[in-house]
Amino acid sequence: DNRFNQVFEEQVVREKCPNQNKIELYFVNKKNKYVWDETIQMFRKLRNIDESLNQSDFFKMQGLSPHEVKERLREYGENIIKISVPPVLHLVIHEGLNPFFLFQAYTVILWTLQFYWKFAVIIAVTSVISVTVSVWETRRQNRNLRDKMKSESKVRVIRNNREVELSSKELVPGDQVLLPTNGGYTVECDSVLVEGSCVVNESMLTGESIPVTKVTIPDEQVKFNYDQQR
């Protein structure tokens, strides 16, 4: 990253595209997928499908075919935020390499060589307790974050010109989602409203104290801009 003078090293994955005689190269960095682009001969960030659409194109969608769903699921992955919980050994090593605990270890060795066993034991015991509490607290926070970010519900979508019900994890970019009219529904993805209107509580995202009304985007031959239409 030239902006912050940072260098990252990632493993490049070679994946054969089904039904196509080509191999796709990609890697993942900070939850972002980068794919190899033959036209520019370099890796680029995976683009959203709406970057090349006009506003009127959303009104022409008739639902994805099984082949399109399979391809987009392979390209974009499941509709879920994956948060991993570091293993205990990793946290212990990371905490043990803290300069404070390295100094404590040096102190224990120094007191032991001077035959001050009581001081050495007290420092060692307090350091072990401190590391244990710190690792336990970090694990607890990571598990809480993972559980809070885990969200899944049943959604109704248009697939292959018919209505089907599936898990929100199976949603892919380009799916047409049918929202219920009785309210109380959690939207599990970014969406574009193409028919009707709705009231949305976005307080967790924007900090707005009251729900806001969302309306249909205009059916115009204008380049769609997510930031302007949100």
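This is a short tour of a predicted model, stop by stop, with something to select at each one.

**Stop 1: the four-stranded sheet**

Start by selecting strands β1, β2, β3 and β4. Together these four strands form an open sheet, arranged in the order β1-β2-β3-β4, with antiparallel pairing. Which strands stand at the edges? They are β1, residues 13-16, and β4, residues 42-45; each has a single partner strand, so one side of each is left without a neighbour in the sheet. Turn the view slowly and look along the sheet: from one strand to the next, the twist averages 35°.

Now keep β1 and β2 on screen. Strand β2 covers residues 23-29, and four bridges join this strand to β1, the two running antiparallel. For a cross-strand pair to pick out, select E15 and E24: E15 stands opposite E24 in β2.

**Stop 2: a loop residue with a positive phi**

Follow the chain into the loop between β3 and β4, where Q41 is found. Q41 is not a glycine, yet its phi is positive, at about 55°. Most residues other than glycine have a negative phi, so a positive value is worth a pause. Is Q41 buried or exposed? The answer falls in between: with a relative accessible area of 48%, Q41 is partly exposed.

**Stop 3: the second largest pocket**

Next, select K22, E24, W36, R44 and E75. Of the 18 residues that line the second largest pocket, these five lie nearest its centre. You have already met E24, the residue across from E15. How much space lies in this pocket? There is about 420 Å³.

To see what surrounds that space, colour β2, β3 (residues 32-37) and helix α1 (residues 66-76), each of which supplies at least two residues of the lining. Which element gives the largest share of the lining? That is α1, with four residues.

**Stop 4: the end of helix α2**

Move along to helix α2, residues 88-96, and select G96, which lies in this helix. G96 counts as partly exposed, at 28% relative accessibility. Leaving aside neighbours within four places in sequence, G96 is in contact with F101 and L102. Add V131 to the selection as well: G96 and V131 are 35 residues apart in sequence, while their C-alpha atoms are 7.3 Å apart in space.

**Stop 5: the β5-β6 hairpin**

Now go to β5 and β6, which form a hairpin with two residues between them. How many bridges join β5 to β6? Six do, and the two strands run antiparallel. Select R159 and R162 to view a facing pair, since R159 stands opposite R162 in β6.

In the loop between these strands sits N160. Like the earlier loop stop, this one shows a residue that is not a glycine but has a positive phi: N160 is at about 55°. N160 counts as partly exposed, at 43% relative accessibility.

**Stop 6: the largest nonpolar core**

For the last stop, select V155, V157, V164, L166 and L171. These five residues make up the largest nonpolar core. The hairpin strands take part here: β5 (154-159) and β6 (162-167) each supply at least two of the core residues. In soluble globular proteins, nonpolar side chains tend to be buried together.

Finish by centring on V164. What is V164 in contact with, leaving aside its neighbours within four places in sequence? Its contacts are V155, R156, V157 and R159.

Terms used: Residues numbered from 1 in each chain as written. Predicted model: local features only at pLDDT ≥ 70, side-chain atom pairs only at ≥ 80, totals over all residues. Heavy atoms only, no water. Pairing = 2+ DSSP bridges. Axes fitted to C-alpha atoms, helices over the stretch in contact; angles between N-to-C directions. Core = buried A, V, L, I, M, F, W, Y, C linked by side-chain atoms within 4.5 Å. Buried < 20%, exposed > 50% of the residue type's maximum accessible area, 1.4 Å probe, protein only. Contact = heavy atoms within 4.5 Å. 1 Å grid on protein atoms, 1.4 Å probe; cavity = no way out; pocket = protein on both sides within 12 Å on 5 of 7 lines; lining within 4 Å. Points joined across faces, edges and corners; volume = space filled by probe spheres on them.
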